[in-house]
Amino acid sequence: RMFHDDELEESEKFYVGQPRVLLLIYALYNTLVARSEMVCYFVIILNHMISASMITLVLPILIFLWAMLSVPRPSKRFWMTAIVYTEVAIVIKYFFQFGFFPWNKHVDYTKDKPYHPPNIIGIEKKEGYVHYDLVQLLALFFHRSILKCHGLWDEDEKGDSSSNKEDTDDELSLTGGRRDSSASLKSVNLAASVESIHVHFPEQQTAIRRKSSSSISQLSHRSSFSSHRSKRGKYSFKNINHTTLSLYFLQCKLCTIKSHCGLCCFRTLQVYMPIRQFFYNLIHPDYSAVTDVYVLMFLADTVDFIIIVFGFWAFGKHSAAADITSSLSEDQVPEAFLVMVLIQFGTMVVDRALYLKKTVMGKVIFQVILVFGIHFWMFFILPGVTERKFSQNTVAQLWYFVKCVYFGLSAYQIRCGYPTRVLGNFLTKSYNYVNLFLFQGFRLVPFLTELRAVMDWVWTDTTLSLSSWICVEDIYAHIFILKCWRESEKRYPQPRGQKKKKVVKYGMGGMIIVLLICIVWFPLLFMSLIKSVAGITNKPLDVSITITLGGYQPIFTMSAQQNQLKSLDPNEFSDFLRSYRGNTAALQFLEGYAREDITRADLEGNSNSLWTISPPSRNKMIQGLKDFDADFTLVISWTIQRTLEEVYPYYIKAPSDSLAKPIKQLLKGMSPDHGNQSMWENITVSLVKNASEEWWVLNQLGKRQKTPQESLELFIFSDKVSPPSLGFLAGYGIMGLYASVVLVIGKFVREFFSGISHSIMFEELPNVDRILKLCTDIFLVRETGELELEEDLYAKLIFLYRSPETMIKWTREKT
């Protein structure tokens, strides 16, 4: 060994001999130390998700637009800003917890109001108001201690001070010849002004060409100064004119003596110029570690898209109990759902365009707009739409957390720079079963393959037409699938003349057989089992019989209810079945019913209503009965009333179709004593008698309009209908349009995009490596800008598919 120490070896043996639980704790602590920066970010974002106020909003924005964009790591100034800001926020929150403030006297009334000013600012009185701020401060101090242990806390300060000193010396030497002309400005400390504000300006060409005797020496001095800065590892730019910068700030200093406007301009430049220089260095770095995290950003956006689809009710007003399936079944598209989906999809398209164009400046602008826009929407607009605080909206909190992950990945992409070449699909990097099935599943998503191909063609420099581009994409996809199958054949070879193993035959073949049988017989099995296994007995509550002669007034009306509806006991049911012994059709029918499914109704022989008929109709009916040659109809009708749990529906919905139904959402939880139970209205029924007449009177008890007379009150909610000119499309509904129009169109479009390879003569290609390499070469020369070579390689690929003999030579197995 080159280095040997007994104490170090003993220490290593000691730690290796510790219990595994203790070793796991050590490993977790070391992971925490190594990722203390990410721990601080996580705690800050978590604090903002729970507090959701303007006080906690500042640090998350600084994280995504300053800390995560800093190269190579956030500076000491950022961490000091975060620590001081957190301490000030704790003091402010503590100060406003006293009860003498007016808004602290009615906390229970205002605590859930999203637009209450103390709630927006974050100075409301509440329990545990400072817990997460203290955890945040503890994490920041923990990270500061780690930076100090590794000597990284004062690194930026030392580098800045040394660079400032050298810059100051150089600038003083550059401006030494001009001090004679400014002898009256002895009170102005030029060195201090330049040293305190260290900003680099891009050099203007006019400033270089100065007509003075010392211009050559100044330019040579600037070149040596620039090379010296590059040797130190700092960012250096060719166009930097410190003389112009010194004179400019000198003029600003002179302006401060004469007017307040100059002071404001100077202070503004003190803030603006470092920010401008920060983003300029970010967009034009001397060195960049190119990386590609677009796949992770796309996955984060996909997760957010899924959250919106399945939790869209969290982004709307009074829709906490809604779901997307019920809304679509009623042909209603919620506005909040539509806006969120379009915004999320639009950002994914823009992100893809920036990725293909590889423009860091556009990505920086998009990052700034998205960070401010998302935070403004989530914490100032959404609470007003949903009428509940962001801290009470769990789905919105989850969506925001995933979006923060996207912001972090996006900042990492900006800091490292876009990759020089974007070749193929990320699922085609390996040739195994996982990539094969994922790639085929990706191509099965409607319109996703087509949209990706068209977007790539629009935002990629190429000489190919859209049809040629699609042809290359389809050939590449087809060859990739064949390559995966050939690689699987090489990993699991099948010797010649040997039959397939039973595991493969019964495993794969048996699974396919079972799947096909289930698909073929699923409707019959489902309809049979849904009633026999999962069916619920629905006994009748009312059975009515009505007899009518020849269309005149009914002569008999009787109904059976309650005690008159009886179930069969086991003996009666056995006797009933025994009575049909020998009747095959009857027994086959009774097989589908159990004893509890049969109800016996006992009806009285006397009619329960008077026979009211006019004298002319009575005489005409008698004449018809006496005429034995004419036909006289006898109509017997019966009515079986099923289960009705409530009496009177107070609210009725009149949809676009003819079937009106009660609105269950409005009939639940109307009374605080009954919770979420159905509360339909009660009605009273009374019989009123007169001298020779009698009638029934109904009255509703719980009416909104307190009228003294007996009446029934009903609210009808009418759905909007489509215009007559669009009735032929609206009649299908949303799901009908998707099934009959969108999927049909998608099928034809998919055949246009992916049916090209199936028309080629050969499908069984033994070795596709050379064809796959040719496709990859097309992608490569396209990325390098060799567009003429791209045309040549594409022509070669097309010729290969047109020539069967050449294809055979190209796809032979290597010997």
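**Buried salt bridges and surface patches**

Asp-456 and Arg-452 are both buried. In this predicted model, their side chains meet in a salt bridge, with a distance of 3.7 Å from N to O. The two residues belong to helix α21, which covers residues 448–458. They are 4 residues apart, about one turn of the helix.

The protein chain has 815 residues, of which 33% count as buried. Its secondary structure comprises 31 helices and 10 strands. The surface exposed by the protein chain is about 52,000 Å², and carbon and sulfur atoms account for 62% of that area. Among contacts between residues at least 6 apart in sequence, 71% link residues at least 24 apart.

Salt bridges were examined next. Side chains of opposite charge can pair when their charged atoms come close. The count for the model comes to 17 salt bridges. One of them joins Lys-403 to Asp-301, with 3.2 Å between the closest N and O atoms. Lys-403 is placed in helix α19 (residues 394–416) and Asp-301 in helix α15 (residues 294–310), so this pair ties together parts that are 102 residues apart in sequence. Lys-403 counts as buried because its relative accessibility is 2%, a value under the 20% limit for burial. Asp-301 is likewise buried, with a relative accessible area of 2%.

A further salt bridge is formed by Arg-782 and Glu-790, whose closest N and O atoms are 2.9 Å apart. Arg-782 has a relative accessible area of 6% and is therefore buried. Glu-790, at 0% relative accessibility, also counts as buried. Elsewhere, salt bridges that share partners connect Arg-352, Arg-452, Asp-456 and Glu-473 into one network. The helix α21 pair described above, Asp-456 and Arg-452, thus belongs to that network.

A local example of contacts across the sequence is provided by Leu-568. This residue is found in the loop between strand β3 (565–567) and helix α24 (570–579). Leu-568 has a relative accessible area of 9% and is therefore buried. When neighbours within four places in sequence are set aside, Leu-568 is in contact with Phe-573, Arg-595, Ile-598 and Arg-600. For one of these partners, Arg-595, the separation from Leu-568 is 27 residues along the chain, while the C-alpha atoms are 6.7 Å apart.

Two patches were identified on the surface. The nonpolar patch consists of Val-503, Val-504, Met-508, Ile-512 and Leu-516. Together these residues present about 500 Å² of accessible area. Leu-516 is located in helix α23, which spans residues 502–532. The other patch carries negative charge and gathers Glu-786, Glu-788, Glu-791 and Asp-792. Within this group, Glu-788 lies in helix α30, formed by residues 787–802. Glu-788 counts as exposed because its relative accessibility is 65%, a value over the 50% limit for exposure.

In summary, charged residues appear in both settings. Lys-403 and Asp-301 are buried and paired in a salt bridge, whereas Glu-788 is exposed and forms part of the negatively charged surface patch.

Terms used
Residues are numbered from 1 along each chain as its sequence is written. This is a predicted model: local features need pLDDT of at least 70, side-chain atom pairs count only at pLDDT 80 or more; totals for chains, interfaces and linings use all residues. Side-chain values use heavy atoms; hydrogens and water are left out. Patches are made of residues with over 30% relative accessible area and no salt bridge: like charges are joined within 9 Å, nonpolar side chains (Val, Leu, Ile, Met, Phe, Trp, Tyr) within 5 Å. Accessible areas come from the Shrake-Rupley method with a 1.4 Å probe; for residues, only the protein chains shown count as cover. A salt bridge is a side-chain nitrogen of Lys or Arg within 4 Å of a carboxyl oxygen of Asp or Glu. Lys and Arg count as positive and Asp and Glu as negative; His and the chain ends are not counted. The place of a charge is taken as NZ of Lys, CZ of Arg, CG of Asp or CD of Glu. Buried means under 20% relative accessible area, exposed over 50%, partly exposed in between (1.4 Å probe, protein chains only). Contact means heavy atoms within 4.5 Å.
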